[in-house]
Amino acid sequence: MSIFRNVVFVAALAGFFAGVLMAAMQAYATVPLILKAETFESAGGGHDHGAAGHSHGAAAPADHSHDAAAAEEEEGWAPADGFERFFYTSMANIVTAIGFGLVLVTASEFFGGIAGWRQGLLWGLAGFAIFTLAPGLGLPPELPAMPAADLAARQVWWVGTVVATAAGLALVAFRSSLPLALVGVALIVVPHLIGAPQPDSHDSPIPADLHHSFVVAVTVTNLIFWVVLGALAGFFRQRLSGEAVARESLA
């Protein structure tokens, strides 16, 4: 029970601070790009409706207003831009970061735990490679209005890539046997040989340079997030372990 409590406590502390940092980085680096892309999405949506209306002749104005109202009803509630949007984004980031922290700390305990913040940096880099870098090679981050393949197919490929990459890195890093290391490399490569699901067309109103800037911003912010999460997890775990040893020596 003590180990479980420490794992949860370390993950909660590390996830909270890393989540707050992620929210701040997103507000500066990625949210402005998303808001800019939404202007292209609105413009593109209006053009599509207009084209459809033109093909239906005199019925076009009524169809357009009906479609716009239906789309607004389907979207439902969304936080307002500004502080409200930042607040809800921050809460989501913190909850997600704590979840990733639990995964990171739990996995590390099977291999002896994270011994300090320096070792935590390596675990953080591994988390970045597993959850961001490897899936992003096949499914790069997308902006609004960009085409995408079937959601279920993308989720299956993403989960498979994450699991295969994690298993492959574990075999390479923690098994001295050359055959097992080769199996690990194969596991890392196989999802990319299979290939991620792709949309029927890559035509998009989003400029290529805007999408490139978004991919870079997402990749860099996630790298910083994972490194900080790993370092904080190692730091807090070391402090808790040291306090536990001190209590045992006094008992």
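Is Gln26 buried or exposed in this predicted model?

**View 1. Gln26 in helix α1 and its contacts.** Gln26 belongs to helix α1, which covers residues 2-29, and the residue is buried because its relative accessible area of 18% falls under the 20% limit used for that class. When residues up to four places away in sequence are left aside, Gln26 makes contact with Val31, Pro32, Thr89 and Asn93.

**View 2. A nonpolar patch on the surface around Phe87.** Phe87 is part of helix α4, which runs over residues 83-109, and with a relative accessible area of 37% this residue is classed as partly exposed, since the class lies between the limits of 20% and 50%. Together with Phe83, Phe86, Tyr88 and Met91, Phe87 forms a nonpolar surface patch, and the accessible area of these residues together is about 530 Å².

**View 3. The largest pocket and its lining.** The volume of the largest pocket comes to about 900 Å³, and its lining consists of 32 residues, among which Phe131, Thr132, Pro141, Val218 and Asn222 are those nearest the centre of the pocket. Two or more lining residues are contributed by each of the elements α1, α2 (31-55), α4, α5 (117-138), α6 (151-174) and α8 (208-250). The greatest contribution to this lining is that of α8, which supplies 8 residues.

**View 4. Pro191 in helix α7 and its contacts.** Pro191 is located in helix α7, spanning residues 178-194, and is counted as buried because its relative accessibility is 7%, a value under the 20% limit. Leaving out residues up to four places away in sequence, the contacts of Pro191 are with Trp157, Thr161 and Ala164. Although Pro191 and Trp158 are 33 residues apart along the chain, their C-alpha atoms are separated by 9.0 Å.

**View 5. The whole chain, as a setting for the close-up views.** The predicted chain contains 8 helices and 0 strands, and its elements follow the pattern α-α-α-α-α-α-α-α when read along the sequence. Of the 251 residues in the chain, 29% are buried, and the accessible surface of the chain amounts to about 14900 Å², with 69% of this surface belonging to carbon and sulfur atoms. Among the contacts between residues at least 6 apart in sequence, 81% link residues that are at least 24 apart.

Notes. Residues numbered from 1 in each chain as written. Predicted model: local features only at pLDDT ≥ 70, side-chain atom pairs only at ≥ 80, totals over all residues. Heavy atoms only, no water. Helix = DSSP H or I, 4+ residues; strand = E, 2+ residues; numbered from the N terminus. Buried < 20%, exposed > 50% of the residue type's maximum accessible area, 1.4 Å probe, protein only. Contact = heavy atoms within 4.5 Å. Patch = residues over 30% accessible without salt bridge, like charges linked within 9 Å, V, L, I, M, F, W, Y side chains within 5 Å. Areas by Shrake-Rupley, 256 points an atom, 1.4 Å probe, with all protein chains shown as cover. Salt bridge = Lys/Arg side-chain N within 4 Å of Asp/Glu carboxyl O. 1 Å grid on protein atoms, 1.4 Å probe; cavity = no way out; pocket = protein on both sides within 12 Å on 5 of 7 lines; lining within 4 Å. Points joined across faces, edges and corners; volume = space filled by probe spheres on them.
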